[in-house]
Amino acid sequence: MDGERFITSTKITLDSELDLTLRPRNFSEYIGQSKVKHNLEVFINAAKARGECLDHVLLYGPPGLGKTTVAHIIANEMDANIKVVSGPALSSMLDIVSILTGIEQGDVLFIDEIHRVNKTVEEALYSAMEDFTLDIVQGKGPGARTIKLPLNKFTLVGATTRTGMLTGPMRDRFGVICRLELYSREDLMTIINRSAGILNVEITEEACAELAVRSRGTPRIANRILKRVRDFAQVIGDGRINIEITNKALECIGVDALGLDENDRTVLEALAVKFAGKPVGLDTLAAATNEDAGTIEDVIEPYLIQLGFVARTPRGRIAMPQAFTHLGLTPPEDI
């Protein structure tokens, strides 16, 4: 299998096409995650001073917080090429061999959803990460022998939303482990203002603050709804994003005052109405809402828990009194 079918290789430069996107290219442009940013800058500068590759980096946290962005920034700061591959795409030894043998000295290999890498591939990564060799087995049975294929030194950056699904041996091979946290309202306002400037659209401070509140602490969501509000401002306004246009646009796309969308409300209504606030298992909740269990657990549920709308208990998920109030319902007396 040709590895080029599922990996991309880029060199991040200031005059590249990525200048036209909203993604920061270096840590000076990167907003928020101050602890992660500071630590990575130290590790990168130390590695460059020694003329070495950066230790392997594991990035984890909820979706949309910038794990892919950080991986690209690491490559840019290390003045390295980056190869990008999704964990589920690595399904056989042939896949990982084609990638690792094509890596050049100092490259960054970014594996998104690394917790979904095939077990055989994961075991092959152990020696690649630790000794920069690849163990190739030739033959079968008693006559089989292992050949150690040397690899160029590289930095593996893995991203995951579910660290609990990573095996101990895999986690232990990362020298740098960084948790990305949800963003503050102030950081999101800074991101929205920066993105509005790149998009060449004017936005009022009031509208910016409203978008930040409804972005669920997530830059990806902030940028997505900013672009949709821009569309409304262009079509039904004068192109300027003000609070009136913002509220109208968010109402039309189904994002409420707390940033909840239709999927969030479907889950809340299932817990509050269908199950009347009683504990519900994840699989049962998924079936009742026609939603993937992984999406509920990784994307929908974390923000609802943060708001205090949902709680996990030993018996299952339950809707909290605040959830009933948000839906305009009266909480059961036994909650």
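A residue is called buried when its relative accessible area is under 20%, exposed when over 50% and partly exposed in between, with a 1.4 Å probe and protein chains only. The model is predicted, so that local features need pLDDT of at least 70 and side-chain atom pairs count only at pLDDT 80 or more, whereas totals for chains, interfaces and linings use all residues. Residues are numbered from 1 along each chain as its sequence is written, and side-chain values use heavy atoms, with hydrogens and water left out.

**Exercise 1.** Explain why strand β4 counts as largely enclosed by the rest of the structure.

*Solution.* Begin with the elements: helices (H or I, at least four residues) and strands (E, at least two) are DSSP runs, numbered from the N terminus. Strand β4 covers residues 108-112, and 4 of its 5 residues are buried, so the strand is largely enclosed by the rest of the structure.

**Exercise 2.** Identify the strands that pair with β4, and give a residue pair for each.

*Solution.* Two strands pair if DSSP finds at least two bridges between them. Strand β3 (residues 82-86) runs parallel to β4 and is joined to it by 5 bridges, with V84 standing opposite F110 of β4. Strand β7 (residues 155-160) is likewise parallel to β4, again through 5 bridges, and here D112 has A159 as its bridge partner.

**Exercise 3.** Determine the handedness of the unit that β3, helix α3 and β4 make.

*Solution.* With the strands pointing away from the viewer, a crossover is right-handed if the path from the first strand over the helix to the second runs clockwise. The β-α-β unit made by β3, α3 (residues 93-100) and β4 is right-handed.
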